[in-house]
Amino acid sequence: MSATESFRSIEDTVRATHGRPGPAYWIGLALAGGVAAFGAWSYSLIVRTGLHWTGLQRPGMWGNLITDFVFWVGIAHSGTLISAILFLFRARFRTAVYRVAEMMTVFAVMTAGLYPILHLGRPWFAYWLFPYPNQRELWVNFRSPLIWDVFAISTYLIVSTVFLLVGVAPDAAALRERATGWRRRLYAVLAFGWRGTDEQWRHYTRAYLFFAAFATPLVVSVHSVVSWDFAVSVLPGWHSTLFPPYFVAGAILSGVAMVILILVPLRRAFRLEALITPHHLDMLARLIVLTGLVVTYSYATEILLALQEPAGDPERSTFLYRMTGPYAPVFWTMVLCNCVGPVLLIIPAVRRRTAVLFGICVAITVGMWLERFNIVVTSLSHDRLPFDWRVYVPTWVEWAVTAGAFGWFFFLFLVGLKLVPPVSIAELKEEAAHAPAGAEEATHGR
Amino acid sequence: MSDPSQRPVGRRTFLQVAGAAGAASVAAGCSPRAAVQKLVPWIVPPDDVVPGQPLFYRTLCRECAAGCGVTARTREGRAVKLEGNPEDPIGRGALCARGQAALQALYHPERFKGPLRRGAGGALAPTSWDEAEDALAQALAAAQAKGPGRIRLLTRLEPGATGAVQRAFMKAVGARPEDRVVLEPLDPAPLRRASEALFGRAELPVLDLSAARSIVSFGADLVETWLSPVELARQLAAARGRLGAERARLTWVGPRLALTGVSADRWIRCRSGGELAVALGILRALVEPARGVPVPEELRAVVPRLQRLAPEELAARAGVPSGELERLARELARRRPSALLGPGAQAQGPEATQLAAVVLLANVALGNVGRTLRYGLDAREDVPSSAADLRALLGAMSAGEVDVLLVQHADPVGTLPTALHAADALAKVPLVASFALRPDATTARAHLVLPDHHTLESFGDAVARDGVVNLAQPVMTPLADTRQAMQVLLELGGKLPVPASFPSTDPYDVVLARAAEHATRATGAPPADVAPVHREALQRGGYWWDPEPRPPVRLRPGAAEPFLALPPPPAADGALDLVVFPTALRGDGRGADLPWLRDVPDALSSVSWSPWLEVSPATAARLGVGTGDLVSIETAAGRAEVPAYVFAGIRDDAVALPLGAEVLSVLPASAGAAFYWAARATVARAGRRTRLPLLEGSPYQHARELVPVVTAAAPSPRRPDLSARMYREPDHPEHRWAMVIDLDRCTGCQACVVACTAENNVPVMGADAAREGRYMGWIRVERYLGDEPGGELDVRLLLMLCQHCTNAPCEPVCPVYATYHTPEGLNAQIYNRCVGTRYCSNNCPYKVRTFNWRDARFERPLDLQLNPDVTVRSRGVMEKCTFCIQRIRYAENLARDEGRHVADGEIQPACAQTCPAQAITFGDAKDPASRVSRLARDGRAFRALEAVNAGPAITYLARVRPEAEP
């Protein structure tokens, strides 16, 4: 296959994803949109009469909605990890998958950012959390981790969006050439006047490298900041110096699992098997093994340190409560999903079977949501004064709003798929151009 | 906004009317008379009504028979808060939970708006006062013509002008004295009976527990409802406040641990009905010659009779180890004077009068009568009828012998066992006229409803005892077209065929006429003009004088013997003992429709809004029930289904029910003096579950040493070393407000909780919110039963409220500075800045912040009670204890205006102000001489969760546990 032909086939394959959607797409879109709309309607109940619709109570003032926030921030992480960090490390397997990961990042941050606002008692005053000049001379409290969150999330949203758009520019230009109608205008905008001149390529590669370098620390910092929401408190089960690395590892674990969850149906539906190969999935599965082990280690550290405390220590009591109390099913499901699942992927035969890999990734996604629930809820319901202990059970409204997050995310994603090339055309072409014929075979055929 | 003209009473209208009342009060001295019909515009404002400034009136509490004096704080013509009258010898400034809640009876949304008459359709329909009174007068005339006994009056205890008018009225209609029946269900009638039998005086002793060195309570819940709980709680605190060996020991005798038992140092866990055997055992041990206690002359005759009782047999019948009674008797002999009290409602049964007599005999044996139990002070202004009198009345009603029944603040259907069939008896009476304020089970069957004024709208007086006459005066204009019952009776008197010769129909004149007599006794000489003397007394709150000593009571010869019979052995029918008890919040159940009293969780069970059946863990396991499971209770009288509450503080062979409408069907109809009797009950699982509104999470301390206690051997709690400091402490340039809570004094009576609710507009959210754990109270009583589940019962109370920490964990986490540290050390909450992240609550180690899950509703006219100095919070914001910042500001502003510093003790938060045991002290920790600073240096001091190092402003003083028995 000549380089030109190969370029054309790549372009065709990717362009095919933007073709007229089939009924499956519409059903998916309607389903996601419907779930999102039901979540929004359920939330409107809370706006109308208050948070009594939730199962929250003293001492558990945070529940599903904060769990959702941490979960979706976590999902967002692996996108940047795959596109930026692996780019800097020149991990070539990222090429085929990074665009999906980046889209996932942007949409996940857009989902995550909603939930802290949704859980407010007076969400219509959410803008008070921004330090804007006002005549009342009110300012925000920069000591509060919630303000750090505001900055972390908004920074992350801006940077990941810019990074996505920068990567899309050459592809948009390629698609613009053959598109018509509104799509042509859309790609013209997304291409930012891209002509593919040497000068532009020179700037582009520099800029891309710069953004990759810029985004990399965010992978670590954003979820560290999110973990500080808990770690800087005085609550047993939250107050832990382990939280930042533990949260980052967990975030990447959940994010990579979500990437796989998206890629597996995607490559089948859009016939991208030639571009997103089993090799790519294999490499992602290895990433899950690594982060899964870090997460397992964190669990073990936390528990073992807590159990060393004397009887009557609230920290110890909280961990025993997690393992044996009313939330024990949550805890053990979480351990099964997040510790046992990833470890199974060490066996090559397991991780190469796509169906098994997919199943394990579903389990990890569930497990990581439960992990956040476990941290947020069990610590609160079992704090220092036993007289106040209470079990929090989410209501249907909270479950609807939680499901709404998935609906909203997949709705955005499905729409995005039809607008943004899900695989980077430019980078694949670059790879195809540089790779010798045999090497290409080796890369794609594995 | 709705159009103000559309509302029934607009704010402006209300203020105008209120202003008119205020103006009238100026004209009449310091106390407003009955409603004035003229409107006085604000152009000429009354001198003492300054908008924004509170106005205080001394008046009276009639929520129970104790008759405490209160101070009503009014704002712009409406009462917003009740506090004890500091000059009143009974309450001394304190007020119990039920007294605090009297305001809600005043502003109850269901209060009758005017007189009602049952129409042809069977429904109550509004009528006019003239029509209603004429109808009643006609019926009275017809009944009077038929001869005596056709007109009856059922009233609550009215020891004052109202009672006097009632008696005069009944005389005028030709009724016999026994035709007026006084229903006071919690009256310790057996004690009256026993006093009569032993001493020849059917009266109650007036207690002075502060002198006692040991106190034994036979089911007498003296900090909850018994006799005069505010006064007794204060006396108990004084008796226990002494140090070392002089400190009084309290022993609780009963099958179930009541709140008073929680304050006790020892619990004699006798079976229900076994109190009599315990009392006999003590009495027998006291007269043992080897004891070395001289047996008083009067008791010599009964010694041989007592010695025939076998101690082992008595202990077996009491269901306690035999050594225990001997030990208690030894202690009583050693620690004198003492006081043996009882029986309370939960120790009443067929042998209640015998128990009361044996308890009195033990007091005689120990020389307590005349010292801690003083006879001759009961003024006997009004005496409650016994259950037998009521049964006679109900019998006459059922037999159709009663034509007119007047019911004044008594609800025989809603408060007495259904086995008495009061409802059926009422149905046989052609005319039932009720003076109730709001609907109850009796007004549902009444033909005429003539709604009385609330006490806070009336003139009156109450003779609490010889030497204490407290006065009632209206503190605000009546809210509706109600008329004081006393006035109605006086007016009816004028409409009788032979008009009664009442000098006036104005209650004030009646009270004034009686005042001459009080003033004479108080000053020793009749006053030349009673009006100015009485005006002064109204400002003070009453007439108080030292009564002249009465001759001591003596045991009548031969009176003791009938009471020394061996009590019957426990029944062996496989059933359980059913104990019924009143609670500090709901009394005999009459307060159950006041939202504050329903919403505040019971201090022991932590249940609100629902009745519960206390079941011991072993019994619960045997029955297969857990907390919240419905159980059916079946007695000879009837059956009821109540959710179970598994409670370690009750014997395995007993279950216990709080008094209230829900349990009336299972209570036996008493044949003795008392209205409530224990019973035998078959208890079984009903098979269904309810979610019981419970405040408690875990009742155990889980080895966390949250609430330490001290003993003589270890006089100080263990405290962590907090000398290491990482951060700069906040500056408090002028004051640092702080609080000391003495857990040795705290009884858990919840007066502070209700006072806080009243003062701070804390909303009542209802039963569902309570079930969901969304109780809004700013203070709560945390009650721990022991260290671990199944361990030893060791009840400890911890009053929990915002600790106003120096390094408050809630402050740094708020993103919008809605909570912050003030320069005076308060942890302030800015409601209108709060966005509701709720992080502050998560980070609060004490979990004292409450969140407004929904908008609170203050149904009209409950909103008139809202304290204008405190914001009503909207949904979505956090709130918590403010140390009553409005009171701090008030005192500071006053001091600034007067050019002085705030004096120590000048500021009293609502909780500290109302505490009967004076357990709460508030003040400036910056001033080393202030009371709060001195108390905080006490050896018993500790702080809650001190190791968290939040630097709380509240210091607790640990409970003292007595040293081991020698």
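The centres of domain 3 and domain 5 of chain B, taken over C-alpha atoms, are separated by 37 Å. The domain bounds come from an automatic or database domain assignment. This is a predicted model, in which local features need pLDDT of at least 70 and side-chain atom pairs count only at pLDDT 80 or more, while totals for chains, interfaces and linings use all residues. Residues are numbered from 1 along each chain as its sequence is written, and chains are lettered from A and ligands numbered from 1 in the order in which they are written.

Let's look at where these two domains touch. Domain 3 of chain B gives 12 residues to the contact and domain 5 of chain B gives 11 residues; two residues are in contact if their C-beta atoms, placed from the backbone, lie within 7 Å. On the side of domain 3 of chain B that touches domain 5 of chain B, helix 7 (229–241) and helix 8 (259–263) of chain B each supply at least two residues. Helices (H or I, at least four residues) and strands (E, at least two) are DSSP runs, numbered from the N terminus. Helix 7 of chain B brings the largest share of that side, five residues.

Now for the full division of chain B: domain 1 covers 4–106, domain 2 covers 116–179 + 384–544, domain 3 covers 189–374, domain 4 covers 576–689 and domain 5 covers 709–713 + 736–960.

Chain B also holds an open sheet of three strands, ordered 1-2-3 with antiparallel pairing; strands pair if DSSP finds at least two bridges between them. Its edge strands, strand 1 (55–60) and strand 3 (78–84) of chain B, each pair on one side only. Strand 1 of chain B and strand 2 (residues 69–75) of chain B are joined over six bridges in the antiparallel sense. B:Thr59 has B:Val70, in strand 2 of chain B, as its bridge partner.
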